[in-house]
Amino acid sequence: MAKTKPGKKDLDSYTIKGTNKVVKPGDCVLMRPSDTDKLPYVALVEKIEADHRNNVKVRVRWYYRPEESIGGRRQFHGAKELFLSDHYDVQSAHTIEGKCTVHSFKNYSKLENVGAEDYFCRFEYKASTGGFTPDRVAVYCKCEMPYNPDDLMVQCEGCKD
């Protein structure tokens with residue numbers, strides 16, 4: 001973990017303004033965009049620190065939505081799909097508007113009820129190049145597309161495809 005600069009102190013947590021929700025490093029959060037017509041940004045909180053005037057900042061690692069990536073949204077991307085990027089930033093903690101959960105693809109697929117704050121991630125995204133890890137994903141069905149958890153798939157009883 002990076003050392004804190006002089007005049008700053010690491011915090012174990014931050015309470016979201018106007019709520020009783022507590023954010024800690026490792027939590028995923030929804031961050032208010034400057035353009036109110038946009039969806040909130042999703043980020044992974046890496047560190048929370050306060051300066052000598054008690055201004056609280058969070059170091060975050062951004063999640064990208066498919067439409068924010070090079071190449072854009074594809075047919076197999078789920079509505080709640082995000083990509084964990086290599087894009088880090090420091091933001092005012094006051095821009096945090098709520099907490100969310102970013103599940104693995106496998107765990108998300110097993111959810112019985114997907115809530116408004118539930119998302120999933122199956123790729124890491126390199127923002128500078130538009131590259132993905134993994135760079136391949138299993139394909140299914142006659143359409144030979146990766147699985148989209150928003151679409152109903154029917155399995156053949158004979159061949160199990």
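In the predicted model, Arg65 is in contact with Leu39, Pro40, Tyr41, Val42, Glu81, Leu82, Phe83 and Tyr119, when neighbours within four places in sequence are left aside. The residue is placed in the loop between β6 and β7, and although Arg65 is buried, no salt bridge is assigned to it, the nearest side chain of opposite charge being that of Glu68 at 4.3 Å. Because a salt bridge requires a side-chain nitrogen of Lys or Arg within 4 Å of a carboxyl oxygen of Asp or Glu, the 4.3 Å separation between Arg65 and Glu68 does not qualify.

A second buried residue of positive charge, Lys80, is found in the loop between β6 (56-64) and β7 (81-92). Lys80 likewise has no salt bridge, and its nearest side chain of opposite charge, Asp118, is 6.2 Å away. A polar atom of the Lys80 side chain does, however, lie 3.3 Å from the backbone oxygen of Ala116. Beyond its neighbours within four places in sequence, Lys80 is in contact with Tyr108, Val114, Gly115, Ala116, Asp118, Tyr119 and Phe120. Tyr119 thus appears in the contact list of Lys80 and also in that of Arg65.

At the level of the whole chain, 1 helix and 10 strands are assigned, and these follow one another along the sequence in the pattern β-β-β-β-β-β-β-β-α-β-β. The chain comprises 161 residues, of which 35% count as buried. Among the contacts with a separation of 6 or more, 54% are accounted for by residues 24 or more positions apart. The accessible surface of the protein chain amounts to about 10500 Å², and carbon and sulfur atoms contribute 49% of that area.

In soluble globular proteins, nonpolar side chains tend to be buried together. The largest nonpolar core of the present model contains 20 residues, and within this core Val29, Met31, Val58 and Ile96 touch the most other members. Two or more residues of the core are supplied by each of β4 (28-31), β5 (41-50), β6 and β9 (118-126), with β6 giving the most, namely 5 residues. For Val58, the contacts outside the window of four places in sequence are with Met31, Val45, Lys47, Ile48, Asp89, Val90, Gln91, Ala93 and Ile96. Separate from this assembly is a second core of 11 residues, which includes Leu30, Leu82, Val102 and Tyr119. Leu82 and Tyr119, listed here as members of the second core, are also found among the contacts of Arg65.

Side chains of opposite charge can pair when their charged atoms come close. In the model, 9 salt bridges are identified. One of them joins Glu97 and Arg32, with the closest N and O atoms 3.9 Å apart; this pair links distant parts of the chain, given that Glu97 lies in strand β8 (residues 96-104) and Arg32 in the loop between β4 and β5, 65 residues apart. Both partners are partly covered by the chain in the sense of the classification used, Glu97 counting as partly exposed at 38% relative accessibility and Arg32 as partly exposed with a relative accessible area of 43%.

A further salt bridge is formed between Asp86 and Lys126, with an N to O distance of 3.6 Å. Asp86 belongs to strand β7 and Lys126 to strand β9, so this pair ties together parts that are 40 residues apart in sequence. The relative accessible area of Asp86 is 32%, which places the residue in the partly exposed class, and Lys126, with 43%, is partly exposed as well. Glu67 and Arg73 also form a salt bridge, in which the closest N and O atoms are 2.9 Å apart; Glu67 is partly exposed with a relative accessible area of 44%, and the corresponding value for Arg73, also partly exposed, is 36%. In addition, Lys8, Asp10, Lys47 and Glu49 are linked in a network of salt bridges, and Lys47 is one of the residues in contact with Val58.

Finally, Ser128 is located in the loop between β9 and β10 (131-133), where it counts as exposed at 61% relative accessibility. The C-alpha atom of Ser128 is separated by 8.7 Å from that of His87, the two residues being 41 residues apart along the chain.

Conventions. Residues are numbered from 1 along each chain as its sequence is written. This is a predicted model: local features need pLDDT of at least 70, side-chain atom pairs count only at pLDDT 80 or more; totals for chains, interfaces and linings use all residues. Side-chain values use heavy atoms; hydrogens and water are left out. Helices (H or I, at least four residues) and strands (E, at least two) are DSSP runs, numbered from the N terminus. Buried means under 20% relative accessible area, exposed over 50%, partly exposed in between (1.4 Å probe, protein chains only). Lys and Arg count as positive and Asp and Glu as negative; His and the chain ends are not counted. A polar contact is a pair of N or O atoms within 3.5 Å; within protein, one must be able to donate a hydrogen and the other to accept it, and residues adjacent in sequence count only if both atoms are side-chain atoms. Contact means heavy atoms within 4.5 Å. Accessible areas come from the Shrake-Rupley method with a 1.4 Å probe; for residues, only the protein chains shown count as cover. A nonpolar core is a set of buried Ala, Val, Leu, Ile, Met, Phe, Trp, Tyr and Cys residues joined through side-chain atoms within 4.5 Å.
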